[in-house]
Amino acid sequence: MAEAPALPHRTTGSTLLHPLSALLGIPLDQINFVACQLFALLAAFWFRIYLGPSHASSAVRHAFATLFGIYFAVFCFGWYSFVVAMGYLTLCHISRIYIFHYGILTTDFSGPLMIITQKITTLACQLHDGIGRQAEELTAEQNRLAVKTRPSLLEYLSYLLNFMSIIAGPCSNYKDYIAFIEGRHVHMKLLEVNWKQKGYDRLPDPSPTGAVMYKLCITLVSLVLFLTLTKNFPMAYIIDNEFLDKTPFLTRLGYLYVVTQSAKPKYYFAWTLADAVNNAAGYGFSGVDEKGAFRWDLLSNLNIWNIETATSFKMYLENWNIQTAAWLKRVCYDRAPWYPTALTFILSALWHGIYPGYYFTFLTGILITLAARAIRNTCRHYFLSSVPLKMAYDVATWVVTQLAVCYTVAPFVMLAVEPTIKFYKSMYFHMHILSILVLLLLPIRPRTHSVRKPQNQANQNSVKSKDK
């Protein structure tokens with residue numbers, strides 16, 4: 001299937017870097033995105049050093065974060081995102097198809113709107129928990145994150161539009177962000193550790209510099225892989241007529257894995273750089289691990305090692321786009337009165353946009369998730385009796401998981417109906433058929449679902465009690 005011709009200099013944002021775009025042969029919208037994130041990284045270091053809580057008031061920090069965030073958004077995406085969009089995310093997704101012809105702009109105004117949508121709904125739910133519900137109606141996590149006072153206008157705008165997350169996210173909890181601005185963020189996490197037992201006379205002062213440098217190295221490697229692999233292994237080739245006619249099924253499966261791997265570096269690049277920007281500003285400290293090392297992964301959006309070694313569909317999803325998964329859990333899964341898994345997948349598809357490929361991916365994901373759960377509950381315990389059996393089980397489930405993910409996400413990249421149907425036909429709908437057979441043949445352990453759980457019940461038990 002022929003792809004739309006590239007438009008290397010088209011953007012809704014600034015054209016200041018047009019000469020650089022022409023020189024490198026990279027679309028201007030991508031140049032603007034990377035330039036804004038790199039400038040945000042420098043601004044984040046400056047923000048932490050010169051506008052830290054000990055040097056500036058919360059109001060000044062809020063104002064700086066908001067104004068720079070608005071400037072970056074306008075530079076990268078233009079005024080269009082603010083004049084047209086805000087409460088009209090779905091209409092903006094429609095315009096991506098009918099105005100911008102199925103995603104010619106690889107980064108556009110819908111990105112910041114998707115993040116803002118997450119933040120608005122997160123704050124709305126947490127305000128409702130803090131003001132509109134009784135404490136005994138909440139889970140432990142809901143009670144911890146509940147917002148009991150309405151934010152001021154400046155606090156609200158700063159939370160939505162701050163320069164650290166306006167371009168590529170991630171969404172964070174309102175209380176965590178306010179604690180960061182007011183200088184309580186790191187201190188609160190440090191108080192969870194008994195430092196006197198570790199030989200400290202006072203609380204340590206964790207620096208994010210090491211974490212930022214490490215994440216920038218991952219960003220650099222991801223960029224190199226993107227520039228070398230992604231364009232050389234296009235997803236469209238797996239539905240090329242000549243490729244389908246001459247290539248046996250198993251080879252097509254192998255190539256599907258290769259092209260899916262090649263599509264990942266751009267996500268690794270964008271999300272890791274966004275994480276580094278927040279860390280550079282001093283935001284994202286999550287405490288101390290069992291070895292005593294400081295952790296800066298509160299806002300991390302992925303765990304690459306766990307993704308690449310995942311032996312279950314669930315493990316893969318838990319480590320991919322982590323903050324969006326957390327948002328879906330907090331605003332939908334934990335609150336849905338019925339069928340939380342299905343409703344969460346549907347909300348995820350709506351949030352991503354209206355491309356048909358998204359819905360093929362998420363509907364297929366529901367089916368495979370339920371089938372994988374049934375297999376694990378029915379069969380896994382037979383393979384735990386010895387190390388060789390467990391190793392064989394892990395290898396087999398790794399292969400199946402990786403291929404199932406590739407099969408599921410291909411429509412997400414293809415976007416349209418025609419290539420998606422052509423792809424699934426070429427794969428003989430094998431994952432759909434196998435999943436349906438599994439659900440028909442294997443017993444499914446029933447799950448009860450209740451929206452309200454006692455505050456003293458662990459949140460993970462709340463999750464485990466749902467549609468197993």
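This report describes the nonpolar cores, one buried histidine and the cavities of a predicted model.

**Nonpolar cores**

The largest nonpolar core holds 50 residues, and F47, F163, I167, Y177 and F180 are the members that touch the most others. Six helices each supply at least two residues of this core: α2 (28-50), α3 (58-77), α6 (110-132), α8 (153-161), α9 (174-181) and α14 (265-280). Among the contributors, α2 gives the most, with 10 residues.

Y177 deserves a closer look. When residues up to four places away in sequence are not counted, Y177 touches H62, A65, S158, Y159, N162, M164, S172 and Y283. Another core, of 27 residues, lies apart from the largest one; its members include L256, V259, L302 and M414.

**A histidine in helix α22**

H432 is found in helix α22, which covers residues 430-441. Is H432 buried or exposed? Its relative accessible area is 16%, and residues under 20% count as buried, so H432 is buried. The side chain of H432 is joined to that of Y407 by a polar contact of 2.6 Å. Leaving aside neighbours within four places in sequence, H432 is in contact with Y407 and also with T364, L367 and Y424.

**Cavities**

Rolling a probe the size of a water molecule over the atoms shows where empty space is left. In the whole structure, the search finds 3 cavities of 30 Å³ or more. The table sets out two of them.

| Cavity | Volume | Nonpolar lining | Polar lining | Charged lining |
|---|---|---|---|---|
| Largest | about 80 Å³ | 3 residues | 3 residues | 5 residues |
| Second largest | about 50 Å³ | 5 residues | 4 residues | 1 residue |

Which residues line the largest cavity? They are T122, C125, Q126, D129, E141, Q142, L145, R330, V331, D334 and R335. Two or more residues of this lining come from each of α6, α7 (140-145) and α17 (322-333). Helix α6 provides the largest share, 4 residues. Helix α6 also supplies at least two residues of the largest nonpolar core.

The second largest cavity is lined by K119, Y159, N162, S165, P170, S172, Y177, N278, Y283 and L299. Y177, described above as a member of the largest core, thus appears again in this lining. Y159, N162, S172 and Y283, which also belong to the lining, are among the residues that Y177 touches.

Technical notes:
Residues numbered from 1 in each chain as written. Predicted model: local features only at pLDDT ≥ 70, side-chain atom pairs only at ≥ 80, totals over all residues. Heavy atoms only, no water. Core = buried A, V, L, I, M, F, W, Y, C linked by side-chain atoms within 4.5 Å. Buried < 20%, exposed > 50% of the residue type's maximum accessible area, 1.4 Å probe, protein only. Contact = heavy atoms within 4.5 Å. Polar contact = N/O pair within 3.5 Å; in protein donor to acceptor, adjacent residues only side chain to side chain. 1 Å grid on protein atoms, 1.4 Å probe; cavity = no way out; pocket = protein on both sides within 12 Å on 5 of 7 lines; lining within 4 Å. Points joined across faces, edges and corners; volume = space filled by probe spheres on them. Nonpolar A, V, L, I, M, F, W, Y, C, P; charged D, E, K, R; others polar.
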